[in-house]
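Here is a friendly walk through a predicted model, in questions and answers. Keep the viewer open and follow along as we go.

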Amino acid sequence: MITLKSEREINQMMETGKLLAACHKEISKIIKPGITTIEIDRFVEEFLVQNGATPEQKGYKGYQFATCASINDEICHGFPRKTPLKNGDIVTIDMVVNLNGGLADSAWTYAVGNVTQKVNHLLEVTKKSLYKGIEQAQVGNRLGDIGHAIQSYVESEGFSVVRDFTGHGIGPTIHEDPQIPHFGSPGKGSRLKEGMVITIEPMVNEGIWYSQMDSNGWTARTVDGKLSAQYEHTLAITKNGPVILTLQ
Ligand code: MF3
Ligand code: CO
C-alpha cells in the first residue's frame with residue numbers, strides 16, 4: 001500500500017533529512033586512508049544520538065549497525081568492520097535516521113584518498129544518474145520514467161545499473177511501497193502522486209550488473225569483482241516538483 005504524507009509529516013522528514021545531510025558532511029571530513037568503517041559507524045551513531053535522533057537501521061530485521069558500509073566491489077549492505085580503508089578505495093556509507101518519528105535515508109560513495117580518473121568517472125556518472133532520476137519524480141509521471149532516465153544515461157556512459165535492489169517508499173517504516181527500479185521504460189509503471197515520499201538510490205557497476213549475495217545474507221557484491229557506486233536521496237513529490245529532503 002502506498003501512503004501519502006501530509007505537509008506536517010513531510011516537514012518532519014525534512015528536519016531528519018537535514019540532520020542526515022549534516023552527518024554525511026562530517027563523514028566527508030573524517031574519511032581518509034587508515035580509518036575503519038566500524039569507526040565511521042560509531043561516529044555516526046554518536047552524532048545522531050547527540051542530536052536527538054536514532055539510527056533506524058540498527059535492529060531492523062536483525063541488522064546490527066547504524067550504517068551500511070560497502071567497499072569497492074560491494075554493492076550495498078556491507079557490514080562496518082575493523083579493516084582500515086586504503087588509498088584508492090571507494091566506500092558507500094548508507095544510513096536511515098529517525099528524528100521524532102520522521103525517517104530519512106541517504107547513501108553517499110566516498111573516495112578514500114586519491115582515486116584514478118576512471119573511478120572518479122564512475123562516481124560522477126552515478127551521482128548524475130541520481131539527479132536525472134529525481135528530475136522525473138513529478139506528479140503524473142510514472143515509475144518507468146525515473147528508471148529509464150537513470151538507465152539510459154548510465155548505459156550511455158558504458159556502465160550498468162543493478163536490478164536486484166531498488167529505491168522505495170519510506171515512512172513510517174524504512175521500506176514501504178512502491179519499489180522504485182533504477183531501470184525501465186518511459187510511460188510504464190505506477191503513476192507518481194503528490195505526497196509520496198520515496199528514495200532514489202541507483203547502484204551503478206563498472207562491469208556487468210549481476211550481483212551475488214555474501215554468506216552473511218546481507219551484503220551484495222558484483223560478480224565480476226569490479227567496482228560499484230551508489231548515491232541516494234529521500235525526496236517528496238509535491239505539486240511544485242520533487243523536493244530533496246536529504247540535500248547536502
Ligand atoms: N538505504 C538502505 C536500503 O534501502 C537501507 C537499508 S537498511 C538495512 O536498502 F538495515 F537493511 F540495512
Ligand atoms: Co534506501
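Q: Which residues of helix 4 are buried?
A: Helix 4 of this predicted model covers residues 143-156. Buried means under 20% relative accessible area, and 10 of the 14 residues of helix 4 fall in that class. They are Leu143, Gly144, Asp145, Ile146, Gly147, Ala149, Ile150, Gln151, Tyr153 and Val154.

Q: What covers the buried residues of helix 4?
A: Helix 4 is mostly covered, so it is natural to look for its partners, with contact taken as heavy atoms within 4.5 Å. The cover includes one helix and several strands: helix 3 (117-135), strand 6 (160-161), strand 8 (176-180), strand 9 (197-200) and strand 10 (203-205).

Q: How far does helix 4 reach from its first C-alpha to its last?
A: Helix 4 has 14 residues, and at 1.5 Å a residue the expected reach is 20 Å. The model comes close to that expectation, with a reach of 20 Å.

Q: Which residue with a positive phi follows helix 4?
A: Look just past the end of helix 4 for a phi near 85 degrees. The residue there is Gly158.

Q: Which residues of helix 3 are buried?
A: Helix 3 is among the elements that cover helix 4. It has 19 residues and reaches 27 Å, close to the 27 Å expected. Its buried residues are Val119, Leu122, Leu123, Val125, Thr126, Ser129, Leu130, Gly133 and Ile134.

Q: Which residues are the protein donors of the cobalt ion (ligand 2)?
A: The donor residues are spaced D-x62-H-x32-E-x30-E in sequence. Their donor atoms lie 2.1 to 2.3 Å from the cobalt ion (ligand 2). In order they are Asp105 (OD), His168 (NE2), Glu201 (OE) and Glu232 (OE).

Q: How many residues apart are Asp105 and Glu201?
A: Among the donors of the cobalt ion (ligand 2) are Asp105 and Glu201. This pair links distant parts of the chain, with Asp105 in strand 5 (residues 102-111) and Glu201 in the loop between strand 9 and strand 10. Both Asp105 and Glu201 are buried. Along the chain they are 96 residues apart.

Q: Why is the arrangement around the cobalt ion (ligand 2) irregular?
A: There are 6 donor atoms around the cobalt ion (ligand 2). Six donors count as octahedral if opposite donors are over 155 degrees apart and all others between 65 and 115. The arrangement here is irregular because of the angles the donor atoms subtend, 68 to 156 degrees.

Q: Which residues are the closest to ligand 1?
A: In total, 13 residues surround ligand 1. Asp105 and His168, which are donors of the cobalt ion (ligand 2), are among the closest to ligand 1. The list of the closest is His77, Asp94, Asp105, His168 and His175.

Q: Where does a polar side-chain atom of Glu232 lie relative to a nitrogen atom of ligand 1?
A: Two other side chains also have polar atoms by ligand 1: His77 at 2.8 Å from an oxygen atom, and Glu201 at 3.4 Å from an oxygen atom. For Glu232 the partner is a nitrogen atom, and the separation is 3.2 Å.

Q: Is His77 buried, partly exposed or exposed?
A: His77 is in the loop between strand 3 and strand 4 (90-99). Its phi is positive, about 60 degrees, although His77 is not a glycine. With a relative accessible area of 21%, His77 is partly exposed.

Q: Is Asn72 buried or exposed?
A: Asn72 sits in the loop between strand 2 and strand 3 (74-76). Its phi is also positive, near 55 degrees. At 19% relative accessibility, Asn72 counts as buried.

Q: Is Gln179 buried or exposed?
A: Gln179 is found in strand 8. Beyond its sequence neighbours within four places, Gln179 is in contact with Leu143, Thr166, Gly167 and His168. Its relative accessible area is 56%, so Gln179 is exposed.

Q: Which proline in strand 8 follows a cis peptide bond?
A: The bond in question starts at Asp177 and has omega near -5 degrees. Another cis bond, from Gly171 to Pro172, belongs to the loop between strand 7 (167-169) and strand 8. The proline in strand 8 is Pro178.

Note on methods. Residues numbered from 1 in each chain as written. Chains lettered and ligands numbered in written order. Predicted model: local features only at pLDDT ≥ 70, side-chain atom pairs only at ≥ 80, totals over all residues. Heavy atoms only, no water. Helix = DSSP H or I, 4+ residues; strand = E, 2+ residues; numbered from the N terminus. Expected span 1.5 Å × (residues − 1). Buried < 20%, exposed > 50% of the residue type's maximum accessible area, 1.4 Å probe, protein only. Donors = N, O, S within 2.8 Å, 3.2 Å for Na, K, Ca; no water. Tetrahedral: all angles 85-135°; square planar, octahedral: opposite > 155°, others 65-115°. Near = heavy atom within 4 Å. Polar contact = N/O pair within 3.5 Å; in protein donor to acceptor, adjacent residues only side chain to side chain.
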